[in-house]
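Please open the model in your viewer and keep the selection tool at hand, since this tour moves from one selection to the next.

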Amino acid sequence: MSVETAPQAPAHPAGADNRIVVDGAVLTWRDLPELTLPEPAAVLAHSARYALAAARHHAVHGTELLLSTASRVDAAMREELRAAGFAVTELGARTVGDAAAPGARAAEPGRLWLLTSGSTGRPKRVGHTLESLTTVRGEQPARTWLCPYAPGTYAWWQVVTLSLTQPGQHLVVVEPDQLDDWPALAAEHGVDAASGTPTFWRRALHRDPAGLARVPLRQLTLGGEPVDQTILDRLREVFPAARISWIYASSEVGAAIVVHDGRAGFPVQWLDRAAPGRPTIGVRDGELVITSPYHGAGLDGPVRTGDRAQLIDDRVLITGRTDADEINVGGSKVSAGVVRDVLTGHPQVAWARVTGRRAPLLGHMVVAEVVPTGAGTALDEATLVRWCADQLPEYAVPRRIRVLTEIPVKETLKSDV
């Protein structure tokens, strides 16, 4: 398709003059391409610049919009979107497959659609509005935020809405090909606040700890995956004066839990605590259940999150997905998340993934993959097995541990833990 130029400059949102570093250029929201989009539009962005332009277009015009990267939407999903009445529109591609024809139904003004991460299967559409995605309100200290997330994800919208709606909230966007050396980009542009998954932070600590330490961070945020004490402690060592936060948020329930005390999990006293305008958090049959004012459309009432929660002493820990965290070893239940935390607690382990493998007699056995802290680190299976045996029951000790050279990461900045 061709991107048309709007005849008149639209009214801009409150953060229109915030600085944006994207695709090698220093811009403001005002400088982004002016788009003409069909309604309802499913925009598949091939570049961060056009993704941001689509977000601004929605903020100004209220066009019904689903935004994603082109790589996250396969042919089957494109057909599903067309069947649901969306005009599938590609932006920023040299070759464009779809024309920007009007959608096959009347648009719903102000509606924003998110695609879930697909951790429970194929991604699903969840309806929101700019208001429900904007969870940071009130005057904020001026900051320059790093935005490493894939466009259109819930975490991406959290950073983007902050910059759109709040003056003084600047953005430095990390493109996919910059993911391995983002600390240099961040240091160059004075990034002092950054949000990422634990995998994102572990990769930075693993690949370039000295470069990471040169970034003048005052605010670090973690979310999107289970957050263990080890990664919090390692970040505290590098940034002793920064505020380190972890957030539990999802497309379905929005931002529901925010913790700043430097400890993994959240206080058990927060369970079943009702307060006007705030989420209510519960644990039912080992699963986190949330009732939230920031929920997606049609999700009123308690929402079963699919995340496993464990009460340990005075904390509630999120250990992983309920369909993947529990491993049955000869009738004994093993939490993959607990074993993972033991492995990452080893001073020479930068990252770990724990799964179950079918085994005769036992049904399943525990296996793991790990990445050592440095290229020259000598890390052998026997050492890690002994480390686990000192802290875990015999049936929970991994029977096979494979050593990898690099921390794997998906487009969502997660690594299937």
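Which helices each supply at least two residues of the lining of the largest cavity? They are α5 (182-188) and α6, and the tour of this predicted model begins with the cavity that they help to line.

**First stop: the largest cavity**

Select Leu179, Asp180, Trp182, Pro183, Phe200, Arg203, Ala204, Arg207 and Asp208, which together line the largest cavity. The space enclosed there comes to about 70 Å³, and this cavity belongs to a set of 4 cavities of 30 Å³ or more that the structure holds. If you then colour the lining by helix, you will find that α6 gives the largest share, with 4 residues. Colouring the lining by residue class instead shows 5 nonpolar and 4 charged residues, with no polar ones.

**Second stop: from α6 across to α8**

Keep α6 (residues 198-207) on display and add helix α8 (residues 229-238), whose axis comes within 11 Å of the α6 axis and crosses that axis at roughly 50°. Because of that angle, α6 counts as oblique to α8, and the crossing in which α6 passes α8 is left-handed. To see the contact itself, show the side chains of Trp201, Arg202 and Leu205 in α6, which meet Ile231, Arg234, Leu235 and Val238 in α8. Sorted by class, the residues of this contact comprise 5 nonpolar and 2 charged, while no polar residue takes part.

**Third stop: α1 against α4**

Now select residues 48-61, which form helix α1, together with residues 154-165, which form helix α4; these two helices pack at an angle of about 60°, and their axes lie 11 Å apart. That angle is why α1 is described as oblique to α4. Turn the view until one helix lies over the other, and you can follow α1 as it passes α4 in a right-handed crossing.

Which residues should be shown as sticks where α1 and α4 meet? On the α1 side, choose Ala51, Leu52, Ala55, Arg56 and Ala59, and on the α4 side choose Trp156, Trp157, Val160 and Leu164, which are the residues that they meet. A colouring by class gives 8 nonpolar residues and 1 charged residue in this contact, with no polar residue among them.

**Looking back**

With both helix pairs on display, you can compare their handedness directly, since α6 passes α8 in a left-handed crossing, whereas α1 passes α4 in a right-handed one.

Notes: Residues are numbered from 1 along each chain as its sequence is written. This is a predicted model: local features need pLDDT of at least 70, side-chain atom pairs count only at pLDDT 80 or more; totals for chains, interfaces and linings use all residues. Side-chain values use heavy atoms; hydrogens and water are left out. Axes are lines fitted to C-alpha atoms, for helices over the stretch in contact, and angles run from 0 to 180 degrees between N-to-C directions. Angles under 35 degrees count as roughly parallel, over 145 as roughly antiparallel, 65 to 115 as roughly perpendicular and the rest as oblique. A crossing is left-handed if the near helix is turned anticlockwise from the far one by less than a right angle, and right-handed if clockwise. Contact means heavy atoms within 4.5 Å. Ala, Val, Leu, Ile, Met, Phe, Trp, Tyr, Cys and Pro count as nonpolar, Asp, Glu, Lys and Arg as charged, and the others, Gly among them, as polar. On a 1 Å grid over the protein atoms alone, a cavity is a set of points where a 1.4 Å probe fits but cannot get out, and a pocket is an open set with protein on both sides within 12 Å along at least five of seven lines; lining residues have an atom within 4 Å of a point. Grid points are joined across faces, edges and corners, and a volume is the space filled by probe spheres set on the points.
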